[in-house]
Amino acid sequence: MTPVRVSIVGAIASILLILVVLELVRGRRLKERYALLWLVTGVVLLVLSVWRDGLNTIAGWVGVTSYPPAVLFAVATLFILLVLLHYSTVISKLTDENVDLAQRIALVEERVARHSEVDEGDAQVVQTALVESGADLTTAPQEK
Amino acid sequence: MKERRLVAIVPAWNESGAIGGVVDEIKAHDSSIDVVVIDDFSADDTADVARAHGATVLELPFNIGIGGAVQTGFRYALEHGYDVAVRLDGDGQHAASQIPVILAPVLAGEADLVIGSRFVDPGGAYRPPFARRMGIRVFARLVSVLGGQRVTDTTSGFVALDRMGIELFAAEFPHDYPEVEATLVALRSGLRVAQVQVDMRERTTGSSSITFVRSLYYIVKVMLALFVASLRRYPRLEDARR
C-alpha cells in the first residue's frame, strides 16, 4: 500500500507545480504552448497522488509489488523526459530559423550595400553635372 | 547559345591570410566568374580583404558553421540567377587552375553535381594521414551504398553544380556535416553526380576545422547523420529535368 504521507506530499508538490506554471503563464513569462505539457504533468501526478487505489492498481499492472509510490516517480520521470524531448525539438526549430535569418541578413545586407553604393555614385554624377552646368549649389532646392 | 553565368562560392572563416590570394587566383584564371565570399563571422578582417580583392562578400551576423555558410552562397546563386556554381574553400587548398576540370561535366550537360575527388585516380598525389584516410574511405563506402552510386571522396569541398544542383542545395543543405551528407542528399534527390580527379594543396595558413582529436567523434556523428538522412525522403528531381 502507498503510505498516506507519500500521497499528501505528492499532492502538495503537484498542486505547487500547477500553481507555479499557471502563475508563469499569467505573468506572460511562459507561453501557453510550452505550459501545456507541464500542466498535464502536474495534473497526472496530482491524480495519481490522490487516487491511492489507482496508483496501487497501476503498480500491480506494471509489476511493482513492494512499493507502489515508485510508480509515481516513474511517471514523473517519464513526463520530464517528454518535456525535455519537446524542448529539443523546439531548440532544433529555433536553430534552423536562426540560420535561415542569418543567411537572409547576409544576403539583404549585401544587396543594401550595393544599392547605397549606386545611390552615392548617382549623387556624385548629379552634383558634377550641376557644377558643370553652372548651377548655384549654395541654395538648397525647395522641398515640396 | 546564351552565355552561362558562373559564380564561385567561397566560404571563409578567419582566412584573411589566404582569402585574397584565393580570390585573385580565381579572377586571374577566369575573369568572367563572379566570386562570392561568405564570411562566417570571422574575428579577423577576412571580409575586408576579400572585398578589396574584388569579391562580393556576404557577411553572416554570427558564426553558423561551414554548412550554413556554403548554403548562403547557394541561396545567393539562386537569387541572382546563376547557371553554374563552383564551390571551393577559402584556405587556398583548391587550385583555381582545376576549375575547368571540375566544370567540364556540368558545362557539357553530363552532370548536375561534380565532385572534385582526390581518389578517383589511385595514383593521385594526395596521401592523408591514416586516420583521416580511413574516415574518408568509410564515408565514401557508406554514401555509395546508401546513395546507390560509387563515390570516392565525400569530404571534398571542391564541387561544381548546375542550376538544378544550386536549387537543391539552396533549399536543402545539411548544416552539421555538410560535404558527406550533401553528397547523399544529391544522390537521393536524383541529381546526376559525377566525380573528377583533382589535386589539392596543403593549406598554407590557418588550420583545418577538423583536428585529429575530434576525428573519431566526428566519424560517429557523421555516420549517425548519414543513417538519419537516408531515412528521410527527398524530392526526386529527375521529373523536373527537361
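The largest cavity in this predicted model is lined by 15 residues. Five of them lie nearest its centre: Ser156(B), Val159(B), Glu179(B), Ala182(B) and Thr183(B). The volume of this largest cavity is about 120 Å³. With a threshold of 30 Å³ or more, the count comes to one cavity.

Three elements of chain B each supply at least two residues of the lining of the largest cavity. They are helix H3 (65-79), strand S5 (113-117) and helix H7 (178-188). H7(B) gives the largest share of that lining, with three residues. The lining of the largest cavity is also mixed in character. Eight of its residues are nonpolar. Four are polar, and three are charged.

The chain as a whole was then examined. Chain B contains eight helices and seven strands. The chain has 242 residues, and 53% of them count as buried. Contacts were considered between residues at least 6 apart in the sequence of chain B. Of these contacts, 77% join residues at least 24 apart. A contact here requires heavy atoms within 4.5 Å.

The surface of chain B was assessed as well. Chain B exposes about 11,000 Å². Carbon and sulfur atoms supply 55% of this exposed area.

Technical notes: Residues numbered from 1 in each chain as written. Chains lettered and ligands numbered in written order. Predicted model: local features only at pLDDT ≥ 70, side-chain atom pairs only at ≥ 80, totals over all residues. Heavy atoms only, no water. Helix = DSSP H or I, 4+ residues; strand = E, 2+ residues; numbered from the N terminus. Buried < 20%, exposed > 50% of the residue type's maximum accessible area, 1.4 Å probe, protein only. Areas by Shrake-Rupley, 256 points an atom, 1.4 Å probe, with all protein chains shown as cover. 1 Å grid on protein atoms, 1.4 Å probe; cavity = no way out; pocket = protein on both sides within 12 Å on 5 of 7 lines; lining within 4 Å. Points joined across faces, edges and corners; volume = space filled by probe spheres on them. Nonpolar A, V, L, I, M, F, W, Y, C, P; charged D, E, K, R; others polar.
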